[in-house]
Amino acid sequence: MADAPAHARVRGLFFQLAEQAVQARSPELLAVWRAVSGARSRWPFLMYPLRAFIREQAVAAVLLDEEDPGGALARMWRVTPRLSPLIRAEAFMRYLAKRKPEEALTWLGQNRRMMVDYGEWRVEMTGPRSAALYFVDEYVWMEHSQVGGLTGTLERCGVSPVVTAELDTPYCGRLMARWE
C-alpha cells in the first residue's frame, strides 16, 4: 500500500465491490470489515484515495477467504457488481454483451481515466481471438483482481476466455487473454 502514490485516486463505485462481496457472505461480517478496514460510504462518481481502496479490498479478501485471498479478489472482480442505484451495471453489461471482445477491450483501454487517475493501460490485439493488456504503475493486484475483472468482461461478451498475468515488476506487466 505504501508504494501506491498518495495522489492516486479510484472512482467511488469500485469501492462497492468489496462491500457487496462481504455483505453477500455474511451481514455480520460487514461490520467487522468496516471496523478493520476503515471503510465508509462513498459517492459513486467521485474519486477517492487508491490506498484506501487497496486496504478495503485486502481486508475483504482475507475475510472472505483467508486461505486464498487472491482467489477471493479474482471472484470479487469477476461478478457483475451492483455498483449503484445511479449506475446500471447491468445495462453496461448488456452493452458489452452486444460487443465483440475487441470492442470491449478497446473501450477499456480508451476509458481508463473514467475509472482511475494513475498509471497506464495499453491494449494490443495479438490475434483474431487474443489480446494483451499492458499495465504500467498498476497497484491493484494484476494477477488476481485484474485477471478476474477481464475474465468477467470477456464472459459478458459471450466468449470463453483464458486470462493470465505476466508481471515484469510488482506493478508493471500484462494480461494475456485468449477466447473461444
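Here are a few exercises with worked solutions on a predicted model.

**Exercise 1. Classify the ring pair F14 and W77, and say which parts of the chain the pair links.**

Step 1: Start with the search of the whole structure, which finds seven aromatic pairs. For F14 and W77, the ring centres are 6.5 Å apart and the planes are at 5 degrees.

Step 2: Apply the cut-off. Planes under 30 degrees apart count as stacked, so the pair of F14 and W77 is stacked.

Step 3: Place the two residues. F14 belongs to the loop between β1 (9-11) and α1 (16-25), while W77 is in helix α4 (residues 69-78). They are 63 residues apart, and the pair links distant parts of the chain.

Step 4: Look at the surroundings. F14 and W77 are both buried, and they form one aromatic cluster with F15, Y48 and F53. Over the ring of Y48 sits the charged end of R42, 5.4 Å from the ring centre.

**Exercise 2. Now do the same for Y118 and Y139.**

Step 1: The centres of these rings are 6.0 Å apart and the planes stand at 50 degrees, so this pair is tilted.

Step 2: Y118 is found in the loop between α6 (101-110) and β3 (120-127), and Y139 in the loop between β4 (130-136) and α7 (142-156); the pair therefore ties together parts that are 21 residues apart in sequence.

Step 3: Check burial and charge. Both Y118 and Y139 are buried. The charged end of R112 sits over the ring of Y118, 5.1 Å from its centre.

**Exercise 3. Find the buried residues of α4 and name elements that cover them.**

Step 1: The buried residues in α4 are G70, G71, A72, L73, M76 and W77.

Step 2: Their cover includes α1, α3 (50-64) and α7.

**Exercise 4. Work out the strand order of the open sheet, then add the helices α6 and α7.**

Step 1: Begin with β5 (residues 161-169) and β6 (residues 172-179), which pair in the antiparallel sense over eight bridges. A hairpin through two residues joins β5 to β6. Among the bridge partners are T164 with M176 and A165 with L175.

Step 2: Extend to four strands. The order is β3-β4-β6-β5, with antiparallel pairing. β3 and β5 are the edge strands, each pairing on one side only. On average, neighbouring strands are turned by 20 degrees against each other, direction ignored.

Step 3: Add the helices. α6 lies across β3, β4 and β6 and runs at about 160 degrees to β3. α7 packs on the sheet, where it touches β3, β4, β5 and β6, and its direction makes about 150 degrees with that of β5.

Conventions: Residues are numbered from 1 along each chain as its sequence is written. This is a predicted model: local features need pLDDT of at least 70, side-chain atom pairs count only at pLDDT 80 or more; totals for chains, interfaces and linings use all residues. Side-chain values use heavy atoms; hydrogens and water are left out. Rings of Phe, Tyr and Trp (its six-membered ring) pair if their centres lie within 6.5 Å; planes under 30 degrees apart count as stacked, over 60 as edge-to-face and the rest as tilted. Buried means under 20% relative accessible area, exposed over 50%, partly exposed in between (1.4 Å probe, protein chains only). A charge sits over a ring if NZ of Lys or CZ of Arg is within 6 Å of the ring centre and within 35 degrees of the ring normal. Contact means heavy atoms within 4.5 Å. Two strands pair if DSSP finds at least two bridges between them. Axes are lines fitted to C-alpha atoms, for helices over the stretch in contact, and angles run from 0 to 180 degrees between N-to-C directions.
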